[in-house]
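Colleague: I am new to this structure and would like a close look at one helix and the surroundings it belongs to. Could you take me through that part slowly, moving outward from it?

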Amino acid sequence: MELQILGIQLVGIAIAFLIAFETRALHKKGRFKRKDLIIWSTVSIMLFIVALFPLTFANFLSIFTDIGRGLDALMLLGLLGSYALIFHVYIRNQETQRQITDLVRKVAIRLDSVETKKQITKTVKKK
Amino acid sequence: MNEKLSFVIPAYNEEESVVQTLKDVKRQFPKNDIFVVNDGSVDRTQELAEAQGVHVLTHVINRGLGAALSTGIQAAVLHGADLIVTFDADLQHLGKDVYRLIKPIQEGKADAAIGSRFMSKKDLEMMPRVKRFGNTLLTGMTNIMADTTITDSQSGLRAFSREAAEKLMILCDKYEVSSEIIHQLGHHNMRIIEIPIKAIYDDRSVKRGTNQMPWKNGFHILWSMILRTIGVKK
């Protein structure tokens, strides 16, 4: 039982390190702003703490959420948090897609109007 | 014909058919504006369309049928079109059908006209069976959700008055645009009329567009309709 928990703990710690290293690397490359660095570093630190002391955190959650078993509360909260995150990413993705389409459309219409003006100028000059 | 009629032709990698499509349209309507929306094609679609002396609006990256139609309709409205016809670039439609399509709008009897492939049973036999099934299902769902009674919600041959075109706010980028258009026309209480048209399917056209992955595209359109109905998608 203890080994199982240790295994899960190790996975949690590994994910926390992965997030931390990736965040740092992306910030170095200039693809992450300072705000992103702070947010994701905080997430990785929190994940690290929870993975390292799951029972302490679970007990605290059990009291806070009024759910009998602390680990159940932790799982439930993690699951709900993931759903919220997925929904947020979905909405952001939709918005980004819409902005890309708007941009592509504006460029297409602008280029066509420039081309039309050129054609008109050519025709006028010929006359 | 006093109204300014413009054509919107979305095209994605249509080098094999775009010239013939444009020649057919120009033969029937030589003096009208034609807007080809080259939706990020990686073949010679842009070059070939430009050589035909029409407006070519180029999407620098592929954004899908809905995005291309919206670009074309916006450009046509900006150029002062009174009547806008959307026309496929895959040789599926006949230029001569457009006369019958625009007539009710010119006469003030309708705000939008849809070319229906389902009104003539004889011509319908040309449509691949899987496409026929999918179209029937999607049209049924569209009618329920948009409160309309049309027979072919997925037709690419449509005509709009300027007023109807200005009210269209196309937000879907992909194939679900056909249902979205019907949905919006219904929502704005626009008068929709259907005109029987002949659709031509050859070996090439049955391998393109929604025919490429009919089940996947069909489910995607259906899913999009459900999201729009429950308000998650505009």
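Modeller: In helix H8 of chain B, residues 177-187, 8 of the 11 residues are buried, so the helix is largely enclosed by the rest of the structure; buried means 20 or more other C-beta atoms within 10 Å of the residue's own, exposed 12 or fewer, partly exposed anything in between, with C-beta atoms placed from the backbone. This is a predicted model, in which local features need pLDDT of at least 70 and side-chain atom pairs pLDDT 80 or more, while totals for chains, interfaces and linings use all residues. Residues are numbered from 1 along each chain as written, with chains lettered from A and ligands numbered from 1 in written order.

The buried residues of H8(B) are B:Val177, B:Ser178, B:Ser179, B:Glu180, B:Ile181, B:Ile182 and B:His183, together with B:Leu185. Beyond the helix, which is followed by B:Asn189, the backbone has a positive phi at that residue, near 55 degrees. Helices (H or I, at least four residues) and strands (E, at least two) are DSSP runs numbered from the N terminus.

A neighbour of H8(B) is helix H6 of chain B, residues 129-146, and the axes of these two helices come within 9 Å and cross at roughly 25 degrees. Axes are lines fitted to C-alpha atoms, for helices over the stretch in contact, and angles run from 0 to 180 degrees between N-to-C directions. H6(B) and H8(B) are therefore roughly parallel to each other (under 35 degrees; over 145 is roughly antiparallel, 65 to 115 roughly perpendicular, the rest oblique). On the side of H6(B), the residues that meet H8(B) are B:Leu138, B:Thr142, B:Met145 and B:Ala146, and from H8(B) they are joined by B:Ser179, B:Ile182, B:His183 and B:Gly186; two residues are in contact if their C-beta atoms lie within 7 Å. Three of the H8(B) residues in this contact, B:Ser179, B:Ile182 and B:His183, are also on the list of buried ones.

From the helices we can turn to the sheet of chain B. Its 7 strands form an open sheet of mixed pairing, in the order S3-S2-S1-S4-S6-S5-S7, where two strands pair if DSSP finds at least two bridges between them. S3 and strand S7 (192-196) are the edge strands, each pairing on one side only. On average, neighbouring strands are turned by 20 degrees against each other, direction ignored.

Next to the edge strand S3, strand S2 (residues 33-39) of chain B pairs with S3(B) in the parallel sense over 5 bridges, and B:Val36 has B:Val56 in S3(B) as its bridge partner. Helix H3 of chain B packs on this sheet, touching strand S1 (5-11), S2, S3 and strand S4 (83-86), and its direction makes about 155 degrees with that of S1(B).

Elsewhere in the sheet, S4(B) and S6(B) run antiparallel and are joined by 4 bridges, while strand S5 (residues 112-116) of chain B pairs with S6(B) in the antiparallel sense over 3 bridges. B:Ala159 in S6(B) is the bridge partner of B:Val85, and B:Ala159 is likewise the bridge partner of B:Ala113. In strand S6 (residues 158-161), B:Arg158 and B:Phe160 point one way, B:Ala159 and B:Ser161 point the other way, and all of them are buried.

After S4(B) comes a loop that leads to helix H4 (97-106) of chain B, and B:Ala89 lies in it. B:Ala89 counts as buried, because 30 C-beta neighbours lie inside 10 Å. Leaving aside residues up to four places away in sequence, B:Ala89 touches B:Ile9, B:Pro10, B:Ala11, B:Glu14, B:Ser17, B:Val18 and B:Thr21.

Finally, chain B touches chain A, in a contact that takes 14 residues from chain B and 9 residues from chain A. On the side of chain B, the elements that give two or more residues are strand S3 (55-59) and helix H3 (65-78), of which H3(B) gives the most, with 6 residues. The axes of helix H4 (residues 70-126) of chain A and H3(B) come within 10 Å and cross at roughly 40 degrees, which makes H4(A) oblique to H3(B). There A:Thr101, A:Arg105, A:Ala108, A:Ile109 and A:Asp112 in H4(A) meet B:Ala67, B:Ser70, B:Thr71, B:Gln74, B:Ala75 and B:Leu78 in H3(B). A:His88 lies in helix H4 of chain A too, and A:His88 is exposed, with 10 other C-beta atoms within 10 Å.
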